[in-house]
Amino acid sequence: MDKMATDIKKLVSEMTLEEKAGLLGGADFWHTKAVERLGIPKFMMSDGPHGLRKQDEEGDHLGINDSIKAVCFPAACATASSFDTDMIGKMGEAIGDECQAENLSIVLGPAVNIKRSPLCGRNFEYFSEDPYLAGKMAAAYINGVQSRHVGTSIKHFALNNQEYFRMSNSSEVSERAMREIYFPAFEIAVKESQPKTVMCSYNKINGTYSADNEWLLTKVLRDDWGFEGFVMTDWGAVNDRVQGVRAGLELEMPGDSSVNDAKIVAAVKDGSLDEKLVDRACERILKVVYDYLDNKKEGVVFDRDADHEKAVAAAVECGVLLENNGILPLDPSKKIVYIGEYAESPRYQGGGSSHINSSKVTSALESARAKGRNVEYVMGFPGQKDEPLDKAELEKAVAAAKDADVVVIFAGLPDVIESEGYDRANMNMPAAQNELIEAVAAVNENTVVVLHNGSPVETPWAEDVAAILEMYLSGQGVGEATDQLLYGEKNPSGHLAETFPLRVQDNPSYLNFNTDPEKCRYAEDVYVGYRYYDKKMMPVRWAFGHGLSYTTFELSDMKLSSDKMTDSSTIKVSVDVKNTGDVVGKEVVQLYIGDLNGTFDRPVKELKGFAKVEVAPGETKTVEMVIDARSLSYFEESMGDWFAPSGKYELLVGNSSDNITLREEISFETNKVKPMRCDSSITIGELLANPATKPIVDELLKKAAENSPFGESNEAVGDEMMQAMMRFMPLKSVMSFGMMTEKDMEQLLSAISAKVQG
Ligand code: BGC
């Protein structure tokens with residue numbers, strides 16, 4: 001198809017109303033409709049996002065029916081821990097090539113919903129509790145896939161943070177929390193990688209289904225962020241189809257959509273839907289279709305073996321060394337026993353629509369044996385069942401542990417506990433696994449635990465074991481990657497993209513998670529993940545950003561290109577990273593920002609930059625991160641805009657949110673003025689806090705003191721107390737205490753208004 005010949009507007013003008021309405025709904029589970037009369041072909045999409053779930057035969061959206069053999073890359077829970085945008089970009093390129101080879105025009109992903117609660121069943125598909133990290137990883141993935149002229153569908157827009165009543169529940173959230181926590185992953189991805197499509201979520205937001213929500217799909221997505229592609233529904237998420245077209249929802253999936261197509265036609269005919277909106281939706285869809293067709297690559301081969309190697313390399317970047325007393329890396333000359341069925345049959349992906357029919361999976365045990373390592377194996381507990389411990393297996397495991405120099409237990413969550421479609425009931429690992437780990441650790445102090453899970457688990461034995469390696473669900477390369485990391489062929493470099501609380505009850509969403517089938521109150525507001533634990537100074541098991549290595553690093557020489565910033569300037573932050581240990585390794589440098597102005601209601605610090613760098617022993621490298629005014633800002637609802645008050649901010653650098661080793665201060669000057677209400681309810685404190693109105697109020701207070709009914713300050717109400725009490729006093733009360741006349745107040749309000757309105 002010749003690009004130049006594809007005049008989309010003209011094509012749409014030649015379509016009948018019925019053909020246009022038809023194009024706005026799928027033909028079947030995975031295809032759009034063709035319009036043969038005009039040569040418009042159908043096109044195919046498929047789940048991912050960490051590999052292809054292309055179904056040739058019967059389609060379904062829950063991963064029930066088989067799909068073609070494909071390569072299962074690490075899931076988002078794992079890739080986020082890599083903090084490695086190059087790695088996920090390359091993974092995207094490989095998946096883009098696979099799509100070209102399989103004639104898939106769109107891969108459905110990435111999924112970027114925030115991990116609000118550790119219990120969300122789909123957390124394994126999501127990146128992080130932090131929106132900046134999730135956005136950067138998503139943008140890099142999308143740029144990778146789309147560099148191959150294959151589209152992506154960033155999902156689920158928005159606020160789909162639980163599976164409980166996911167198709168109908170209303171997420172009740174403040175606009176500030178949406179803009180600061182739940183939207184930025186989508187926003188960053190749209191601005192930095194322009195995904196070809198966005199998939200709207202099933203749920204409602206403050207009472208309106210995402211599929212009907214014009215504010216969400218048009219105002220926020222297109223007007224505020226500049227999205228240029230098309231929006232499709234999640235599978236079956238359409239509500240009122242005609243309202244959807246008005247709102248900016250282009251494609252309904254899956255098909256057959258004939259009932260709703262007819263509604264669109266009827267609405268245009270009876271005048272309740274403007275045909276121009278139907279045309280607009282068709283143009284948006286066809287733009288993506290023809291971009292794919294015009295750039296279709298012929299002869300691309302899906303090389304599963306080569307991509308398996310890429311999946312192994314990706315998984316290596318994801319492993320997070322949570323604890324290590326020095327037992328790791330393992331000494332291969334020691335007598336080692338592997339316990340836990342995951343050693344032989346790893347859990348490496350989650351259940352549901354992202355489930356890949358993997359081309360090959362190598363276990364850690366197979367990998368060890370292939371390398372001739374001195375490893376014995378005892379099952380101990382089954383990987384895929386949550387049932388009481390078999391006493392005979394326990395005895396075998398304990399006996400083998402006593403006899404070994406080192407024990408490696410492969411533990412985690414069975415498929416049945418963690419899947420799309422439902423949430424976890426608690427944060428526990430199966431009791432049998434905890435029991436076995438404790439029994440083994442009691443007889444062998446060199447017990448190492450490898451974890452396979454998509455979201456935090458409680459680890460009551462964490463202090464009793466020698467090391468813990470979190471491998472998450474790291475795809476079909478998990479066994480080889482785990483082997484390379486355990487024996488130090490590769491050095492762990494992942495850092496946690498989420499906090500591991502000590503207990504699920506500590507999580508900020510705990511009181512408002514899965515409590516009401518109709519509504520979910522996001523009462524913790526912007527205090528999600530480390531933003532909450534930091535503010536409450538709560539101990540956690542492992543903090544956001546934590547991750548150890550087989551070497552040590554020293555961060556030093558933090559330099560700023562300037563210590564002053566304005567609305568339009570940026571600051572470059574550079575930091576030296578020295579490898580002070582004996583082996584090559586990668587460090588994840590993290591930059592957090594905190595507001596020092598006492599601004600009402602802000603997290604202590606928030607991630608605003610990161611860089612991963614490989615450094616050889618003795619070597620020093622410099623990393624750079626750039627911040628701008630947005631990095632300092634919060635979403636001020638009264639302005640409908642991002643705002644940072646003029647003043648001081650601290651830039652904090654470390655290798656974990658709980659290990660900040662460098663700190664610098666900057667001053668910021670803004671031209672934005674936070675509007676002040678100018679009526680008699682404004683308080684003295686608010687007026688004093690605003691430099692523009694402070695002098696006027698100082699004058700007023702001086703005069704008022706002379707007329708004060710409270711008399712001179714005395715022991716009961718001293719000067720300081722008086723000022724503190726006056727802080728919350730509205731002008732109308734100052735007047736009713738006789739400290740000013742009504743006329744004075746009117747004059748004052750107009751003086752204030754002149755100051756704050758410019
Ligand atoms: C899931 C989506 C998925 C779609 C198609 C839905 O149930 O929520 O993430 O892409 O099915 O399988």
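In this predicted model, a polar atom in the side chain of Arg-166 is placed 3.2 Å from an oxygen atom of the ligand. Two further side chains have polar atoms at comparable positions in the description of the site. For His-156, the separation between a polar side-chain atom and a ligand oxygen atom is 2.8 Å. For Arg-53, an N or O atom of the side chain is 3.5 Å from an oxygen atom of the ligand. On its own the ligand has 310 Å² of accessible area, and the protein covers 100% of it.

The ligand is surrounded by 15 residues, of which Asp-47, Arg-122, Lys-155, His-156 and Asp-234 come nearest. By class, the shell around the ligand consists of 7 charged, 5 nonpolar and 3 polar residues.

Two of the residues that come nearest to the ligand, Lys-155 and His-156, are joined to each other by a cis peptide bond, with omega at about -5°. His-156 belongs to strand 4, which spans residues 151-157. A second cis peptide bond runs from Leu-328 to Pro-329, and its omega is near 0°. Pro-329 is located in a loop, between strand 10 (320-324) and strand 11 (336-339). Most peptide bonds are trans, and most residues other than glycine have a negative phi. His-149, a residue other than glycine, has a positive phi, near 60°. The position of His-149 is in the loop that lies between helix 5 and strand 4.

Helix 5 takes part in two helix packings, described here in turn. With helix 4 (residues 85-101), helix 5 (residues 131-146) packs at an angle of about 35°, and the two axes are 6 Å apart. This crossing of helix 4 and helix 5 is right-handed. On the side of helix 4, the contact involves Thr-85, Ile-88, Gly-89, Met-91, Gly-92, Glu-93, Ile-95 and Gly-96, while helix 5 contributes Lys-136, Met-137, Ala-140, Tyr-141, Gly-144 and Val-145. The residues of this contact comprise 7 nonpolar, 5 polar and 2 charged.

Helix 5 also packs with helix 7 (residues 184-193), at an angle of about 35° and with the axes 8 Å apart. The crossing of helix 5 and helix 7 is right-handed. From helix 5, the contact includes Pro-131, Tyr-132, Ala-134, Gly-135 and Lys-136, together with Ala-138, Ala-139, Ile-142, Asn-143 and Gln-146. From helix 7, Pro-184, Ala-185, Ile-188, Ala-189, Glu-192 and Ser-193 take part. The residues in the contact of helix 5 with helix 7 divide into 10 nonpolar, 4 polar and 2 charged. Lys-136 of helix 5 appears in the contact with helix 4 and also in the contact with helix 7.

Conventions
Residues numbered from 1 in each chain as written. Predicted model: local features only at pLDDT ≥ 70, side-chain atom pairs only at ≥ 80, totals over all residues. Heavy atoms only, no water. Axes fitted to C-alpha atoms, helices over the stretch in contact; angles between N-to-C directions. Helix = DSSP H or I, 4+ residues; strand = E, 2+ residues; numbered from the N terminus. Left-handed = near helix turned anticlockwise from the far one by under 90°. Contact = heavy atoms within 4.5 Å. Nonpolar A, V, L, I, M, F, W, Y, C, P; charged D, E, K, R; others polar. Near = heavy atom within 4 Å. Polar contact = N/O pair within 3.5 Å; in protein donor to acceptor, adjacent residues only side chain to side chain. Areas by Shrake-Rupley, 256 points an atom, 1.4 Å probe, with all protein chains shown as cover.
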